[in-house]
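Thanks for coming, everyone. I'll put the structure up and walk through it piece by piece.

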Amino acid sequence: MKAGLMKRALLVAATSLVALAGCHSFKKENVQPPTPLAKDFKPTVQVQRLWTARVGKGAGETGLRLRPAVVDGVLYAASNDGELAAFDASSGKTLWSKSSRTHGWFGWGDKKRKDAFYAGGPVVSGDLLVIGTLDGHVYGVNAKDGSPRWEAALSSEVLATPSIANGLVVARTGDGRLYGLDAGSGERRWVYDQTAVPLLSLRGNGPLLIANGVVFFGSDAGKLVAVRLDNGEKLWEQSLANGEGRTDIERLDDADGSILLDGSTLYGAAYHGNLVAIDGPSGRPLWSHPFSTFTSLAAGGNALYGVNDESQVWAFDKNGGADMWKNDALRYRWLTGPAVQGNYAVVGDMEGYVHWLQTGDGALAARERLSKKAIRAQPVVAGDTVYVEDVKGRIGAYRLGAH
C-alpha cells in the first residue's frame, strides 16, 4: 500500500468515523449505542437456514466489505488472508479451495512474497473469476478449479469489485484510477485517471456498473461518473453531494455504494449527500432527495431501498424520490446496505443478526443470527435464497417460507 493511501486510511481511523468502519466500542464520546433488539419480537415470516460455510478469516479488521458472488449455482468467496473458494450454492458443499499461503502468489514469482490480501471481488463471467488485492494486484483465475490464468499490477489497492464485459476487466484503484484490462491476458488497454482524489475519505469504494458500453461509478468526491468501456474516455459526471462543511469530516461526501440502473435511469447516493436519479444517456439529473449513506442501495418494484448514516432503513418512490416509509428500529446498529428478497428487504448488522423488513411498509418481519461477528457486506440474493457473510468469513444461506 502506498504511503499516501496509508495516511488516508489512518486519518479516517483516527476520527469518529471509526464507527462507520466497523469499530463497535460505544464508550467513546459522541458515538451512539445501538438500538436494543425487541425481546418480544414475533416474526411474521418463517426463515430457513439452508447451510453455513466459512472462507478463511474473512475481512477481519480491515474494514473491507468482502461480498460473495453467486453465478450459475456456484457461490464464490474470498478472504483477506488469502483464501479463495467455490461452494455449491444450494448445499454449501466446497467445490474447490485455493490458499495463497501454500503457493505464494498462486505460485508466481518470488515464493517469499507476502500472501494475496484479497480485497476487491470476486466477480465471475463465464469461466473467468477476477479478484483484486490490497497491494494493487488483479488476478484472473479459472472459475472451474481456481487455477491461475494471469495477473496485473496496478497503481494502488483494489477495494472495489471489478467488472467484466465485452472482453475487458475494469478495475478501480484507491488512488482514483480505472483500468481496462484484457480479459484473456490481463494486459492493460486503457487507464482513466481522475484529476483529483480527496485527501480524506471513507474506507472503501463502490462497485462498478457496466451497461450499454459505459462504465458508471461513484467517486470519493461524491460524483457519479460515466466513462466509455472501449477506451476509458470520460463522458460526463454528475454531483451526488456538494462537499460543503466547516471541517474535513463534514466535507466527506464519498459515493461508496453501488450505482443502480433501471431502464435508462441511474440511481446513486453519497455520504453527506443526496439520492439522485439521472438520465443515463445524457447525465441529466431527473430528481434529487437528501439522503446520506455510505452503503449500497437496492431496487424492487417501484421502490428504492437504502440505509442512511444512522442505520435507519428507508424506502423511496423510484419515480420522484418521495418517502414511502422509514424504519428506525435498527438505528445505530451499523447496518449493511439492503438486498431485496421477494417481498422483503434484508440487512445485516454489527452483532451478526440478519433482519427482514416488509417492503410494503417497512415492518420488521424476521431475524436470524448468523454469528456474533459483524456483518458489513450487503447480502446477495440469487433466486429464492439470500447469502450473508460476516467479517470472519462465515457465510449463511437463508430461504423464506410462510409463517
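Before anything else: this is a predicted model.

Let's start with one residue pair. Ser163 has a bridge partner in E11, and that partner is Val170. Zoom out one step. E10 and E11 are joined by three bridges and run antiparallel. The two strands make a hairpin, with two residues between them. Look at Asn166 in that turn: its phi is positive, about 50°.

Now stay on E11. How many of its residues are buried? Five of its five, so to speak of coverage, strand E11 (residues 168-172) is mostly covered. Which way do the side chains go? Leu168, Val170 and Arg172 point one way, and Val169 and Ala171 point the other way. All of them are buried. The general rule is that side chains in a regular strand alternate between the two faces of the sheet.

Next strand along. E11 also pairs with strand E12 (residues 177-182), antiparallel again, over five bridges. Here Arg172 has Leu178 in E12 as its bridge partner. This hairpin has four residues between the strands. Gly176 takes a positive phi there, near 95°.

On to the sheets. I have two to show.

Sheet one. The order is E2-E3-E4-E5, four strands, open, with antiparallel pairing. E2 and strand E5 (94-99) are the edge strands, and each pairs on one side only. From one strand to the next, the twist averages 15°. Inside this sheet, strand E4 (residues 83-88) and E5 run antiparallel and are joined by five bridges. Pick out Ala85 there: Ser97 in E5 stands opposite.

Sheet two. Again four strands and open, this time in the order E14-E15-E16-E17, with antiparallel pairing. E14 and strand E17 (234-239) stand at the edges. Each has a single partner strand, so one side of each is left without a neighbour in the sheet. Neighbouring strands in this sheet are turned by 20° against each other on average, direction ignored. How many bridges join E14 to E15? Three, and the two strands run antiparallel. Ile210 has Val215 as its bridge partner in E15.

Now the aromatics. Searching the whole structure gives eleven aromatic pairs. One of them is Tyr192 with Phe217. Their geometry is edge-to-face: 6.2 Å centre to centre, with 65° between the planes. The pair links distant parts of the chain. Tyr192 sits in strand E13 (residues 188-193) and Phe217 in strand E15 (residues 214-218), 25 residues apart. Buried or exposed? Both Tyr192 and Phe217 are buried.

Compare that with Trp314 and Phe316. Why is this pair called stacked? The ring centres are 5.7 Å apart and the planes are at 0°, so the pair is stacked. The cut-off for stacking is planes under 30 degrees apart. Trp314 counts as buried, at 15% relative accessibility. The limit for buried is under 20%. Phe316 is buried as well, with a relative accessible area of 1%. Add Phe291, and ring pairs link Phe291, Trp314 and Phe316 into a cluster.

A quick stop at a histidine. His355 lies in strand E28 (residues 353-358). His355 is buried, with a relative accessible area of 1%. Tyr344 is eleven residues away from His355 in sequence. In space, the two are 9.4 Å apart, C-alpha to C-alpha.

Last topic: the largest pocket. About 1,000 Å³ of space lies in there. Its lining has 48 residues. Which of them lie nearest the centre? Arg67, Thr161, Pro207, Ser258 and Gln378.

Several strands feed that lining. Strands that each supply at least two residues include E2 (69-71), E10 (163-165), E14 (209-211) and E30 (380-382). So we meet E2, E10 and E14 again here. The largest share, six residues, comes from E6. And the chemistry of the lining? It divides into 29 nonpolar, 14 polar and five charged residues.

That's the tour. Over to you for questions.

Definitions and conventions. Residues numbered from 1 in each chain as written. Predicted model: local features only at pLDDT ≥ 70, side-chain atom pairs only at ≥ 80, totals over all residues. Heavy atoms only, no water. 1 Å grid on protein atoms, 1.4 Å probe; cavity = no way out; pocket = protein on both sides within 12 Å on 5 of 7 lines; lining within 4 Å. Points joined across faces, edges and corners; volume = space filled by probe spheres on them. Nonpolar A, V, L, I, M, F, W, Y, C, P; charged D, E, K, R; others polar. Phe/Tyr/Trp six-rings, centres within 6.5 Å; stacked < 30°, edge-to-face > 60°. Buried < 20%, exposed > 50% of the residue type's maximum accessible area, 1.4 Å probe, protein only. Pairing = 2+ DSSP bridges. Axes fitted to C-alpha atoms, helices over the stretch in contact; angles between N-to-C directions.
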